[in-house]
Amino acid sequence: MDDPRDEPLLPAPRGPLSRAVTTYLRGAGPLPSEAEVAAAPVYGEDLQLALYLCYELHYRGFADVAPTLEWDPDLLRTRAAMERRFLAALREDAPRHDSVDDALAGILVEPVDGTGVSHFLRDRGELWQLREYAALRSLYHLKEADPHAWVLPRLRGRAKAAMAAVEFDEYGGGRADRVHARLWADLMTDLGLDTTYGRHLDAACAEALVTVNLMSLFGLHRTLRGALVGHFATVEITSSPGSRRLAEAMRRTGAGPAAEHFYDEHVEADAVHEQVVRKDVIGGLLEDEPELAPDVAFGVAATVFTEDRLGDRLLADWGEGRSALRTPLSQEVTHGS
């Protein structure tokens, strides 16, 4: 994995919105107009990349962008305009639930005949598809616990203590070699992938950007703390069975020991985390702030909705034998290189 001080380069723009944001970040032109923000498809490549660029300033930033732009008032106004469209679309499109229990019910029980990405990769996925999956997921896993950590100062009591305990595990229990982002980088190395932070942003489809932007949207806004807890709960509840299938996929294809280990680790750890999140994080939050129950349910629904969109995109492309990446991985990179 790269030096944590390294900053990625700005990616290539994908339309007028992301081009204007990129130009502004370089100090070479104005931000997009309100009309351009309003005209861009809300789940499309252009708006989602532009939003990702704004959010990334709160993580590592970019090598060719001034750090002071993180809190640039004009950029924040543009970001807010994109966020309003994104959040409104999510509230419209994600399934509605009557309660938190109702929202969680749909993800607590594994379907007998699953058809998702982890089922596909376990049963018939090829090594090139696992490599594409790892490259796409690197946008999330190389910052795995970071957006969830933003909720800690917004919680109190039992919810805060439980959330901190789970996050401590995500950050390796105090050991740098056990940080889950480090383990993901080791998985990528087994698969012959470049582990540089942000390396695969240009290749990532809009559906992948949406899943990462969702975390940042929820994490950066105190008013969405309930939705962030719902997102966190969904990730932890669905992780263990999905990780078991992906560990089997790694073993079947001979991906490598680190690739297997990442998912084996999550089978056990996230089975425990699920109980803590449901009982103490959600339970503690709603005990303190019962009015946040609709936001928690929305966070669960929005997470499932965006993950399903990404899964549908991957399965559609792979089902036709084509790459799911905007730029296919170099065929010259081989396993173990």
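1. A residue counts as buried when its relative accessible area is under 20%, as exposed when that value is over 50%, and as partly exposed in between. The structure discussed here is a predicted model, and the points below turn to its aromatic rings, to two arginines placed over rings, and to one histidine.

2. Seven aromatic pairs are found in the structure. One of them joins Tyr-59 and Trp-150, whose ring centres are 5.1 Å apart and whose planes meet at 45 degrees, a geometry classed as tilted. This pair connects distant parts of the chain, since Tyr-59 belongs to the loop between helix 3 (45–56) and helix 4 (73–93), while Trp-150 belongs to the loop between helix 8 (146–149) and helix 9 (157–170), with the two positions 91 residues apart.

3. Are the two partners of this tilted pair buried or exposed? Tyr-59 has a relative accessible area of 18%, and because the cut-off for buried is under 20%, Tyr-59 is classed as buried. Trp-150, by contrast, has a relative accessible area of 23%, which places Trp-150 in the partly exposed class.

4. Another pair is formed by Trp-184 and Tyr-263, whose ring centres lie 6.2 Å apart with the planes at 85 degrees; because planes over 60 degrees apart count as edge-to-face, the pair is given that class. Here too distant parts of the chain are linked, with Trp-184 in helix 10 (residues 180–190) and Tyr-263 in helix 13 (residues 257–288), 79 residues apart. Trp-184 is buried, at 0% relative accessibility, and Tyr-263 is also buried, with a relative accessible area of 3%.

5. The rings of Trp-184 and Tyr-263 do not stand alone, for ring pairs join Trp-184, Phe-262 and Tyr-263 into a cluster. Phe-262 has a further role in the picture, in that its backbone oxygen is reached by the side chain of His-266 at 2.9 Å.

6. His-266 itself is located in helix 13 and is buried, with a relative accessible area of 3%. Which residues does His-266 touch, leaving aside those up to four places away in sequence? With that exclusion, the residues touched by His-266 are Glu-144, His-180, Ser-239, Ser-240, Ser-243 and Ala-271.

7. Two arginines deserve a separate remark. Arg-60 is positioned over the face of Tyr-197, at 4.0 Å from the ring centre, and Arg-309 is positioned over the face of Tyr-43, at 4.6 Å from the ring centre.

Note on methods. Residues numbered from 1 in each chain as written. Predicted model: local features only at pLDDT ≥ 70, side-chain atom pairs only at ≥ 80, totals over all residues. Heavy atoms only, no water. Phe/Tyr/Trp six-rings, centres within 6.5 Å; stacked < 30°, edge-to-face > 60°. Helix = DSSP H or I, 4+ residues; strand = E, 2+ residues; numbered from the N terminus. Buried < 20%, exposed > 50% of the residue type's maximum accessible area, 1.4 Å probe, protein only. Lys NZ or Arg CZ within 6 Å of the ring centre and 35° of its normal. Polar contact = N/O pair within 3.5 Å; in protein donor to acceptor, adjacent residues only side chain to side chain. Contact = heavy atoms within 4.5 Å.
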